[in-house]
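Me: Could you take me through this structure? I would like to start with the overall picture and then go into details.

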Amino acid sequence: MAALSSPAIVWGGYDDGMTTLTYHTAGESHGPALTTLIQGIPAGLEIEIDFINAELRRRQGGYGRGARQKMEVDQIEILGGVRQGFTTGGPVVLQITNADNRLDDSEQTPPVYRPRPGHADLAGALKWLTTDCRNTLERASARETAARTAAGALARCFLREFEIETFGFVRSLLDACTEVEITEDNLGDLLHQRDASEVYCPDHEVSQRIIDHIRRVKTEKDTVGGIVETHVFGCPPGLGSCVQFDQKLEGTIAQAVMGIQAFKAVEIGLGTGYARRQGSQAHDPITFDNARRSEASLGFHRPTNHAGGLEGGMTNGMPIVVRGTMKPISTLLQGMPSVNLNTLQADQSTYERSDVCALPAASVVMENVIAFEVTRAFLDKFAGDSMHQVQANYDTYMDLARQLPLEPVEGE
Ligand code: EPS
C-alpha cells in the first residue's frame, strides 16, 4: 500500500525536509572532542567566535570546580556552515577538543563496577546490559554541556540581532539566597556584579556565604547543588504557540532545562509559588502604554511578572523568567552505599575525579540552552532562509501588530 505523504510532526521540527532549528551533540567526557551540529540557522548571521568562547570559559569557571578545568581550554573550532565569519545556511558544526583525551587507554579510564547513587551509572549499565558503567558515565558526564553552551551562545548571536538579551545567575545554594531583583534597567550593573562574583551571583554578601558553604562541603568530602535563574529580555509577544502541546514555549524550555545534567526541577515565573495564591493575587494585571508601543512588548505591560513572560505557551512581551534546581553532584569523595555489579555484594560507590559544586557553571548552561529554545521559537514565527528574510518577517509582523485592530471593531 502506498504511504500517505502527510508531514509527520517530530520533536523540535517537521519531518518534511524543512527542519526548524535543531541541534545535537556527540562526544564523550574523555574522548577526543565534543561536537554539536546545529541545523536551521539562516544564512548571513555573523558568528561572534570571541563571544562563544567567552561563554565556554565562563562555563568552565566558578568556585567549586575540580582539577579537570585546569587542563581544558574550551574553544570552538568551526567545521561547517560558516564562511568568512557568516553562516552559509548549511548545518553549523562546532567542535571543542578535549585535552584530557584518554578514552581508549583502559588503564586511564578503567571499568567502573560500583555505580554512584544519583549518577546515570546503574540505570545505564542495566540499559546496555553490562556491568561496566564507563560508557554510560562518559556520555552522561556534564562535560557534554560545553557543546550545548556553544550551540546556545551561537543562538545568542542570532537573538542579539533582534535586541533579545539573556541573563543567567546563581540564585541560591543551601540557605544562602539572593533577593536581588532582575530588571532590564539594572542589567548592566547586574552583569558587572555577577561577573565579579566567583559563584556568578550578583550579590556580594550572598556570594561570600555561598563560597563559605562550598568550602565547608568540600572539607566534609561532600557535594552541593542549588538554584539558578535565567531572564530573557526583549522577546516580542507570540513566540511559541498554544495550538499543540509540543509547541508551547514553557514546555520546550522545561525540556531543555531538565535535559541539563543533574537538574531535577524547573519553574517558570512564580512556579510552585502559584500553589499558595488565589487567582486575584496570582495573575499579572494587563496595562497598555501607547508611548511604549515601539518597544518589543508593543506597549503591553504588567506591574508584576508572576507568569514569567509566558502565557498559554507563548511569550507575552514581559521578560521570560526560568529557575532550575540542580541536585548535588553524585560523585562523592567519601562514596555512597552501592553494589559491585560483578559480585553483587555491597560496596562503596567508585570515586572519579569530579567537582564539589558546578552550580555557577550550570547557570551558564541554563542561560544558553534557554536562548536556543527562544531562537527556535523565534525562527518558527519569523522563518526565513536568510537573515534578510527573517528581519523582514519580523519587521512586517511588528508593524502589523502596532496597527491593531486590523479589522473593523464590532461590539464592546
Ligand atoms: C564530571 C566529572 C568531572 C567534571 C566534568 C563532569 O570530570 P573529570 O571526571 O574528567 O574530572 O569536571 O565536567 C567537565 C569536564 C566539564 O567540562 O564540565 C562528571 O562526572 O559528570
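**Overall dimensions**

Reply: The chain has 412 residues and a radius of gyration of 23 Å, which agrees with the value near 22 Å for a compact globule of that length; the radius is taken over C-alpha atoms, and the globule rule is 2.2 Å times the number of residues to the power 0.38. Along its principal axes the C-alpha trace spans about 75 × 60 × 45 Å.

Me: Before we go on, what sort of model is this?

Reply: This is a predicted model, in which local features need pLDDT of at least 70 and side-chain atom pairs count only at pLDDT 80 or more, while totals for chains, interfaces and linings use all residues. Residues are numbered from 1 along each chain as its sequence is written, and side-chain values use heavy atoms, with hydrogens and water left out.

Me: How many helices and strands does the chain have?

Reply: There are eleven helices and 19 strands. Helices (H or I, at least four residues) and strands (E, at least two) are DSSP runs numbered from the N terminus.

Me: Now the ligand. Which residues are around it?

Reply: The surrounding residues are His30, Arg59, Arg65, Arg68, Gln69, His119, Ser141, Ala142, Arg143, Arg353, Ser354 and Asp355; a residue is included if one of its heavy atoms lies within 4 Å of the ligand. This shell divides into one nonpolar, five polar and six charged residues. In that grouping, Ala, Val, Leu, Ile, Met, Phe, Trp, Tyr, Cys and Pro count as nonpolar, Asp, Glu, Lys and Arg as charged, and the others, Gly among them, as polar.

Me: How far are the side chains of Arg59, Arg65 and Arg68 from oxygen atoms of the ligand?

Reply: For Arg59, a polar side-chain atom lies 2.6 Å from a ligand oxygen. The side chain of Arg65 has an N or O atom 3.1 Å from an oxygen of the ligand, and for Arg68 the corresponding distance is 2.7 Å. The protein covers 93% of the 460 Å² of accessible area that the ligand has on its own, as calculated by the Shrake-Rupley method with a 1.4 Å probe.

Me: On to the sheets. What is the strand order in the open sheet of four strands?

Reply: The order is 3-4-8-5, with antiparallel pairing; two strands pair if DSSP finds at least two bridges between them. Strand 3 (22-26) and strand 5 (77-80) are the edge strands, each pairing on one side only.

Me: And how do strands 3 and 4 connect?

Reply: They form a hairpin with six residues between them, and Gly27 in the turn has a positive phi of about 125°. Strands 3 and 4 pair over five bridges, and His24 has Leu37 as its bridge partner in strand 4. Strand 4 (residues 33-39) also pairs with strand 8 (residues 92-97), over six bridges in the antiparallel sense; there, Leu34 is partnered by Ile96.

Me: What about the sheet of five strands?

Reply: That open sheet runs in the order 10-9-11-17-12 and is antiparallel. Strand 11 (residues 226-233) and strand 17 (residues 320-326) pair over seven bridges, with Ile227 opposite Thr325.

Me: Which residues other than glycine have unusual backbone geometry?

Reply: Most residues other than glycine have a negative phi, and most peptide bonds are trans. Leu174 has a positive phi of about 50° and is found in the loop between strand 9 (165-173) and strand 10 (176-177). Tyr200 has a phi near 55°. The peptide bond from Leu404 to Pro405 is cis, with omega near 0°, and Pro405 lies in the segment after helix 11 (387-402).

Technical notes
A polar contact is a pair of N or O atoms within 3.5 Å; within protein, one must be able to donate a hydrogen and the other to accept it, and residues adjacent in sequence count only if both atoms are side-chain atoms.
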